[in-house]
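Colleague: I've got the model open and would like to go through it with you. Please take my questions one at a time.

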Amino acid sequence: MNIQIIGSGYVGLPTAVGFNMLLANRGGVISVIDIDKDRIKNLQSKKSIFYEKKLNEELLKQNNIQFSCDFKNVKNQDIIFICVPTPNDKNNQIDLSYIKSVIDSIYKYLKNGVLLCIKSTVIPGSTLSIKKLLQKKNPKLKFHIACVPEFLKEGSALEDFLNPDRIICGVEDERSKELLTKLYNNSDKLFFTSINDAEMIKYASNSFLSLKVAFINELANLCEKSNCDINLVSLGMGLDKRIAPYFLNASIGYGGSCFPKDSTALNSFAKKKKVNLSILNASIKSNQNRVKLICKNILEFNVKNIAIFGCSFKANTDDIRYSQAILLIEELLKNNVKITLHDPKALNNAKKYFANKIAYKQDFYECFKNQELAVFLVPWSDYKNANLDKIHSLMQKPNIYDTCNLFTKENLNKFYYKKMGGGIINGKYCYTAI
C-alpha cells in the first residue's frame, strides 16, 4: 500500500513518520510532497525543520520515506492524505485555498480507485465540496474521499499518532472503510462516521477543550480573591472521572494554530447557520481578555526590566503561532518595558518575530542578571528544576511572577513570589495584591 502525504508541517511530517513505523513490516512506500523547496531539501538531508519531541530522532532512523516537490508522484498512490493549513480569513471563516491549490496540482495525475483523505481541519460540508471540485476538474476519475481529522498535540505528535485515543474516519462508502481499516491494521481505535460528523467532531473537540481552559482560568481569578489554591481546586475537580484532570491547569490562556482558529471558525460557522453558541463565544472573549489581565498584573510590580521565560504557545514545541506569550510581550512593549527573553526551543522564531525590539539570552541563568522581575509564561520542564538561590543572587530585585505555578517548595522565602490562582507559599496565601 503506497501512501502519499501532502504537506510536511506539524501534522504532515509526524503523520508520514508514524505511517512509516506502522507499515514497517507490511510493505508499501510513504511519500511526502511539499511546495517549500528548502524544507524538502532539509528533509532529504534529514535535517530538522521544527522541534517536535522524538520526531527528529525517529526521522534519522528511517531511510525509506521519499520527499519531493513534484506532484506527479501522486499517480501511483493508493491513499493520499492532505495535510495543509486551513487558516481563517478576516471574517474568521475557514479558508480552503491551500486545499484547492492541492487539487489543482494533483487532479491530472490521480489513478482510478485512489482514496483521498482530508486530514486538514475543515468545517462540515468542506470535504464534500472538495469532492465536487475534483469531479469537475477530472470527470472521468473514479475515486473515493474521506475525512480523517488529526488529533495530534504539538510536543507529543508522534506519540499521539502511535497511541491514539481514537481514529475518526468520516467515509461515504464501504471501499473507503475497507482501505482505512487495512491501513490502520484493523485497530480497535477506529471510529467510522459520516464525513460531516467527522468534520464536526474535530471542531467540537478542540472547542470543548478551549472551554475547559477558559473556565479554569476564570476560576483562578476567583481563587486569588477567595483564599483558595487553583492547583488544589483543579486536582479535586479532575478526580471526578466525569470531568477528568486534563486542560485544567491555570495559565496565560490557550494559543497555537488550533484552538484559537478552530473555536472562532466554529463560532463563525454557527452564526452562518443562525445558531448561537453563546458558551463558546464567551470562552473566546475570555481567552482574548486573558493577556490584558496578566499584563496588568505584571505592570503592578512597577518595574522596567523584566525577564520573560517561555514564548512558544506551549511547552515542548518551538511553535509561536497565536502564542499568548507573544501577545503578552507585545502588550508589555506598549508600556515601555525592557524585556529579555529565554525559551529552550523557540528563541530563533521569536527573534524573527520581534527582531531588535527585545533582548535574547540562550543561557537560562544569564537571563536573570540585573532583572527586577522574572515572569514564567510557559511550563518548560527545564524551568522547574531551576536553582532559586542562584537566581536570587543574579537579580536586581527578587520578584517572581509564576503564571505556570512551577515553584511551590523551598527557597521562595527570599523572593516576592506571586503565583497563578492563589495558594499558600511558606505559610502565606499568595493572592494578596501588590
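Colleague: Which residues line the largest cavity?

Modeller: Bear in mind that this is a predicted model, in which local features need pLDDT of at least 70, side-chain atom pairs count only at pLDDT 80 or more, and totals for chains, interfaces and linings use all residues. Residues are numbered from 1 along each chain as its sequence is written, and side-chain values use heavy atoms, leaving out hydrogens and water. On a 1 Å grid over the protein atoms alone, a cavity is a set of points where a 1.4 Å probe fits but cannot get out, and a lining residue has an atom within 4 Å of a point. For the largest cavity, those residues are Lys53, Lys54, Gly155, Ser156 and Glu159.

Colleague: And how much space lies in the largest cavity?

Modeller: Grid points get joined across faces, edges and corners, and a volume is the space filled by probe spheres set on them. The structure holds one cavity of 30 Å³ or more. The largest cavity comes out at about 30 Å³.

Colleague: On to pockets: which element gives the largest share of the lining of the second largest pocket?

Modeller: A pocket is an open set of points with protein on both sides within 12 Å along at least five of seven lines. The second largest pocket has a volume of about 890 Å³, and 34 residues line it, with Gly9, Cys83, Val84, Pro85 and Arg321 nearest its centre. Taking elements as DSSP runs numbered from the N terminus (helices: H or I, at least four residues; strands: E, at least two), those giving two or more residues to that lining are α4 (97-106) and α10. The largest share, four residues, belongs to α4.

Colleague: Arg321 turns up by the centre of that pocket, so to speak of charges: which residues are linked with Arg321 in a network of salt bridges?

Modeller: A salt bridge here is a side-chain nitrogen of Lys or Arg within 4 Å of a carboxyl oxygen of Asp or Glu. The structure holds 17 salt bridges. Linked with Arg321 in a network are Glu154 and Asp319.

Colleague: How many residues apart in sequence are the parts that Asp78 and Lys111 tie together?

Modeller: Their side chains meet in a salt bridge at 3.0 Å, N to O. Asp78 sits in the loop between β3 (65-68) and β4 (79-82), and Lys111 in the loop between α4 and β5 (115-118), so the parts they tie together are separated in sequence by 33 residues.

Colleague: Next pair: is Lys419, the partner of Asp229, buried or exposed?

Modeller: The Asp229 and Lys419 side chains form a salt bridge at 3.7 Å, N to O. Asp229 is in the loop between α8 (195-224) and α9, and Lys419 is in strand β14 (residues 416-419), so this pair joins parts 190 residues apart in sequence. Buried means under 20% relative accessible area, exposed over 50%, and partly exposed in between (1.4 Å probe, protein chains only). With a relative accessible area of 2%, Lys419 is buried.

Colleague: What about Thr340, buried or exposed?

Modeller: Thr340 belongs to strand β10 (residues 338-342). Beyond neighbours within four places in sequence, the contacts of Thr340 (heavy atoms within 4.5 Å) include Ile306, Ala359 and Cys367. Its relative accessibility is 10%, so Thr340 counts as buried.
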